[in-house]
Amino acid sequence: MRVVPVPVLHDNYSYLVVDEVEKVAAVVDCAEVEPMLAAAQAEGATITAVLSTHHHYDHVGGNEEIAAKLPVRVYGNADDDGRIPALTDGVREGDTIHVGSLVARPILVPAHTSGHMAYHFEEHRALFTGDTLFAAGCGRLFEGDPAQMMDSLAKLNALPEPTKVYCGHEYTVRNLEFAATLEPKNKAISDKLAWSAARRRDGQPTVPSTIGSERSTNPFLRTRSQELRESIQERFPEVGEQDVEIFAATRRLKDEF
Ligand code: ZN
Ligand code: FE
């Protein structure tokens, strides 16, 4: 399996997931069609599937066009039928998606949207997280609350540390700048910030991350960090000891960062 990150729109990533054996590919989040066709051609692969993480336009805006051009299956949460354009295969957690010889399983991770799905290629240790888990961040809570986002992130955080994390936006530098304000002594954060800034200066993506890297740098997975808790409680004296309170305050702060 090969994963090709394709920068689209302003700061989105679509991904071409290529089965090198059968020379077929899936697009994860089709926002623009032409760049995906070009990527597939460069890989010598035919696009047979689209995996949509959630219904926002910057993740599904190209679904109708690609479905008109190619005989593709379009996968997304069955409950988002009507919100995900050109959906042919509504899926639920526990289902299996086949792309050539590759196997993906959807993981339901609501809160950014109520039907948000992550896609896990377990055999290849690859996880596509859309706008739920970003490198050093998480999505805004448009259709869920802090407790629900914590539960969703916990499901992803339960995967093995080497699992590669392919997220929906290039927000890494800004996210790490925020993380560093909460944990100025966390060397994993300052090191990754320096690395990410250098990557961006070179015009390179900061994806993929890994679950292991997220555990050590992502404030939304680090509500147990003493340094983070003290930073949050300094700014919000009314915040108590419950993890969900720390998480909610961290999310509120990030909304304004
Ligand atoms: Zn979104
Ligand atoms: Fe998005």
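1. A good place to start is charge. The chain carries 39 negative and 26 positive side chains, with the centres of the two sets 5 Å apart. Please keep in mind that this is a predicted model.

2. Next, the overall build. Nine helices and 14 strands make up the secondary structure of the chain. The radius of gyration is 18 Å, close to the 18 Å that the globule rule gives for 257 residues, so the chain is as compact as a globular protein of that length. Along the principal axes, the C-alpha atoms fill a box of roughly 55 × 40 × 30 Å.

3. On burial and surface, 53% of the 257 residues count as buried. The accessible surface of the chain is about 10900 Å², and carbon and sulfur atoms account for 49% of that.

4. Contacts deserve a look too. Taking those between residues at least 6 apart in sequence, 57% join residues at least 24 apart.

5. Now to the interior. The largest nonpolar core has 25 residues, and those touching the most other members are Ile107, Leu127, Leu133, Leu153, Leu156 and Ile232. Two or more residues each come from helix 4 (146-157), helix 5 (172-182), helix 8 (226-235) and helix 9 (243-256). Helix 9 gives the largest share, four residues. Apart from this core lies another, of 24 residues, including Tyr15, Ile97, Val99 and Phe128.

6. Leu127 is worth a closer view on your screen. Setting aside neighbours within four places in sequence, Leu127 is in contact with Ile107 and Leu156, both also listed among the core residues that touch the most other members. Its further contacts include Ala118, Tyr119, His120, Val165 and Ile211.

Terms used: Residues numbered from 1 in each chain as written. Chains lettered and ligands numbered in written order. Predicted model: local features only at pLDDT ≥ 70, side-chain atom pairs only at ≥ 80, totals over all residues. Heavy atoms only, no water. Rg over C-alpha atoms; globule rule 2.2 N^0.38 Å. Buried < 20%, exposed > 50% of the residue type's maximum accessible area, 1.4 Å probe, protein only. Contact = heavy atoms within 4.5 Å. Areas by Shrake-Rupley, 256 points an atom, 1.4 Å probe, with all protein chains shown as cover. Lys, Arg positive; Asp, Glu negative; His and termini not counted. Charge placed at Lys NZ, Arg CZ, Asp CG, Glu CD. Core = buried A, V, L, I, M, F, W, Y, C linked by side-chain atoms within 4.5 Å.
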